[in-house]
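Hi,

Here is the structure I promised to pass along. Please have a look at it first, and then read on for my notes.

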Amino acid sequence: ASRWASEQLMGLASSSFSASADDSLSLLPEERCQPNDVELYAISLFDLGEYSRAAHVLSSSSTNNESSSFSDGSLGQIKPPRDDLTSLGVYLRAFSLYLDGERRKEELVTELRDPLERTKLLNSNLPQLEADLRRSNELGEL
């Protein structure tokens, strides 16, 4: 039910309210971290265990169109984070990417028979996470 409601919320026109930089400085930390509609949708996807979709929704140039997924169920290369994310959104996107990579790694481990090959598997999303966090740190966003 929460997924349906958040998908409906995503379909509504966004409000015309946009806070200026001066307005955001006067807000309390709790108020600055209030999730926006996109983040609420991603939270419901995360709660359902759809980590890849949650990360995709929180990435730039993402759409709600599920026809962009590949035949293996993945959503392809995840783009950098959206510019309008709160700190909650940045964290949720990074954690979703991490958990998606761990899930894929565990799926590959069950397919491999050689124990040495199993130990060589790594989370495939870690290089992208590192690059995203490094870029955010260089821009002073962390």
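Below is what I found, beginning with one helix and moving on to its surroundings.

One thing to keep in mind throughout: this is a predicted model.

**Helix 6**

I would start with helix 6, which runs over residues 87-111. Its 25 residues reach 37 Å from the first C-alpha to the last, close to the 36 Å expected at 1.5 Å a residue. Which of its residues are buried? The list is Gly89, Leu92, Arg93, Ala94, Ser96, Leu97, Asp100, Gly101, Glu102, Lys105 and Val109. As for what they pack against, the partners are helix 4 (37-47), helix 5 (51-57), helix 7 (115-120) and helix 8 (126-138).

You will notice charged residues in that buried list, and two of them pair up: Lys105 forms a salt bridge with Glu102, with the closest N and O atoms 3.4 Å apart. Both residues sit in helix 6, 3 residues apart, or about one turn of the helix. Lys105 and Glu102 are both buried.

**The nonpolar patch**

Helix 6 also has something to show on the outside. Tyr91, Phe95, Tyr98 and Leu126 make up a nonpolar patch on the surface, and together they have about 370 Å² of accessible area. Helix 6 is the main contributor to this patch, giving 3 residues. One of the patch residues, Phe95, lies in helix 6. Is Phe95 buried, exposed or in between? Its relative accessibility is 31%, so Phe95 counts as partly exposed.

**Helix 8**

Next comes helix 8, one of the elements that the buried residues of helix 6 pack against. The contact can be told from the other end as well, since helix 6 is among the things that cover the buried residues of helix 8. Helix 8 has 13 residues, which should span 18 Å at 1.5 Å a residue; the end C-alpha atoms are 18 Å apart, so the two agree.

The buried residues here are Gln128, Leu129, Asp132 and Ser136. They cover an arc of only 100° around the axis, and therefore lie on the same side of helix 8. On the other side of the helix, Pro127, Asn137 and Glu138 are exposed. Just after helix 8, Gly140 takes a positive phi of about 75°.

**Salt bridges**

How many salt bridges does a search of the whole structure find? It finds 7. Besides the pair in helix 6, two others may interest you.

The first joins Arg135 and Asp132, whose side chains meet at 3.3 Å, N to O. These two are 3 residues apart in helix 8, so about one helical turn separates them. Their surroundings can be put in numbers: Asp132 has 6% relative accessibility and so counts as buried, whereas Arg135 is partly exposed, with a relative accessible area of 37%. The pair also belongs to a wider arrangement, as Arg93, Asp132 and Arg135 are linked in a network of salt bridges. Arg93 is one of the buried residues of helix 6.

The other bridge is between Asp84 and Arg82, with an N to O distance of 3.0 Å between the side chains. Asp84 is partly exposed, at a relative accessible area of 41%, and Arg82 also counts as partly exposed, at 24% relative accessibility.

That is everything from my side for now. Happy to talk it over whenever suits you.

Best wishes

Methods. Residues are numbered from 1 along each chain as its sequence is written. This is a predicted model: local features need pLDDT of at least 70, side-chain atom pairs count only at pLDDT 80 or more; totals for chains, interfaces and linings use all residues. Side-chain values use heavy atoms; hydrogens and water are left out. Patches are made of residues with over 30% relative accessible area and no salt bridge: like charges are joined within 9 Å, nonpolar side chains (Val, Leu, Ile, Met, Phe, Trp, Tyr) within 5 Å. Accessible areas come from the Shrake-Rupley method with a 1.4 Å probe; for residues, only the protein chains shown count as cover. A salt bridge is a side-chain nitrogen of Lys or Arg within 4 Å of a carboxyl oxygen of Asp or Glu. Helices (H or I, at least four residues) and strands (E, at least two) are DSSP runs, numbered from the N terminus. Buried means under 20% relative accessible area, exposed over 50%, partly exposed in between (1.4 Å probe, protein chains only). The expected span of a helix is 1.5 Å times one less than its number of residues. Contact means heavy atoms within 4.5 Å. The arc is that of the directions from the helix axis to the C-beta atoms.
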